[in-house]
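Biologist: Please take a close look at the salt bridges and at the charged surface around them. I would like to know which side chains pair up, and how open to solvent they are.

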Amino acid sequence: MGGGVSIPVPLSDVRQEDLKAKYAKFIEEGLSEEDINTKLTKAMPGLVVFDQIDCDHTGKVSSRELKRTLRALPRKKPTPPEGGWPDGKPPPFVPFDAMYETLDSDGDGEISLDEWLDNLSKLPGLESAINSAIDPATGKLKDYVSLEDRLAELVAKGDDATDEEKAKIESIRASLGETAAAPAEEAPAEEAPAEEAPAEEVPAEEAPAEEAPAEEAPAEEAPAEEAPAEEALSGDSKVTEGV
């Protein structure tokens, strides 16, 4: 990128791409290098803060991210800017919804970098509070704790973290889209399937031995009736008949 715009702190890749896009746009508009550098230098404080509060680096600031930013600002009346307040008196209190609506000028529910840079001056109280909270050495909000820093702080507690803090860790990881970055638990080694004991062969049941049919006792033959012995007649003898 031409010129020589001073970048006070390292910017995310998203913000560096935003800077390149702005530079290219100014070139197309025919601005000189000097005018481009003036514009980008003026925008740099707002760009650095935007990069800081765009926690998930999507290039947009959500209402949740803006609320987190407000908690890092001083709880006192804003300091008048150089030359005093535009209307000669401190700006009135602006409710959060009205503040967000002013910054989100296209009403898409998120604040883009261009909306942030173009509309922050419409909220002089917020702009003054941010300017008074910036660390000159870094260009960032001094008391702002990024989600990454808060996550590292909680994770460092290890087993000493309370259940509430452990839940917060998961919530922050989800916001940052870092669920996949969390150390993966080792999958338990798969147990080798237990070898099945060979099925015991059921001994074949022996067919019951056929009992030999009991031999029927032979029926006792009725003793043959002896035929009445016929008296043998001798050839000589004669039957003596009684007289």
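Modeller: In what follows, a residue is buried when its relative accessible area is under 20%, exposed when it is over 50%, and partly exposed in between. The model is a predicted one. A salt bridge here means a side-chain nitrogen of Lys or Arg within 4 Å of a carboxyl oxygen of Asp or Glu, and by this rule there are seven salt bridges.

Start with Lys157 and Glu165, whose side chains meet in a salt bridge with an N to O distance of 2.5 Å. Lys157 has a relative accessible area of 34%, which lies between the two cut-offs, so this residue is partly exposed. Glu165, at 17%, falls under the 20% limit and is therefore buried. Elsewhere, Arg15, Asp18, Asp51 and Asp54 belong to one network, joined by salt bridges that share partners.

Asp114 and Lys22 make another salt bridge, with the closest N and O atoms 2.4 Å apart. Asp114 sits in helix H5 (residues 113–119) and Lys22 in helix H1 (residues 13–28), so this pair ties together parts that are 92 residues apart in sequence. Here the acid is the partly exposed partner, Asp114 having a relative accessible area of 37%. Lys22 is buried, at 16% relative accessibility.

Lys60 pairs with Asp108, and the closest N and O atoms of that salt bridge are 3.7 Å apart. This pair also links distant parts of the chain, 48 residues apart: Lys60 is in strand S1 (residues 60–61), while Asp108 is in the loop between helix H4 (96–103) and strand S2 (111–112). Lys60 is partly exposed, with 26% relative accessibility, and Asp108 is partly exposed as well, with 41%.

Next comes the charged surface. Arg64, Lys67, Arg71, Arg75 and Lys168 gather there in a patch of positive charge. Residues enter such a patch only if they have no salt bridge. Helix H3 (residues 63–71) gives the most to the patch, with three residues. Arg64 is found in H3; its relative accessible area is 54%, and since the limit is 50%, Arg64 counts as exposed. Arg71 lies in H3 too and is exposed, with a relative accessible area of 55%. The C-alpha atoms of Arg71 and Asp143 are separated by 8.9 Å, although these residues are 72 residues apart along the chain.

For context, here is the rest of the fold. The chain has eight helices and two strands, which run α-α-β-α-α-β-α-α-α-α from the N terminus on. Of its 243 residues, 28% count as buried. The largest nonpolar core has 33 residues, and those with the most contacts inside it are Leu66, Leu103, Trp116, Leu126, Ile130 and Leu141. H1, helix H2 (33–53), H4, H5 and helix H6 (124–132) each supply at least two residues of this core, and H2 gives the most, with eight residues. In soluble globular proteins, nonpolar side chains tend to be buried together.

H1 and H5 thus appear twice in this account: they supply core residues, and they hold the two ends of the salt bridge between Lys22 and Asp114.

Terms used: Residues are numbered from 1 along each chain as its sequence is written. This is a predicted model: local features need pLDDT of at least 70, side-chain atom pairs count only at pLDDT 80 or more; totals for chains, interfaces and linings use all residues. Side-chain values use heavy atoms; hydrogens and water are left out. Helices (H or I, at least four residues) and strands (E, at least two) are DSSP runs, numbered from the N terminus. Buried means under 20% relative accessible area, exposed over 50%, partly exposed in between (1.4 Å probe, protein chains only). Patches are made of residues with over 30% relative accessible area and no salt bridge: like charges are joined within 9 Å, nonpolar side chains (Val, Leu, Ile, Met, Phe, Trp, Tyr) within 5 Å. Accessible areas come from the Shrake-Rupley method with a 1.4 Å probe; for residues, only the protein chains shown count as cover. Lys and Arg count as positive and Asp and Glu as negative; His and the chain ends are not counted. The place of a charge is taken as NZ of Lys, CZ of Arg, CG of Asp or CD of Glu. A nonpolar core is a set of buried Ala, Val, Leu, Ile, Met, Phe, Trp, Tyr and Cys residues joined through side-chain atoms within 4.5 Å.
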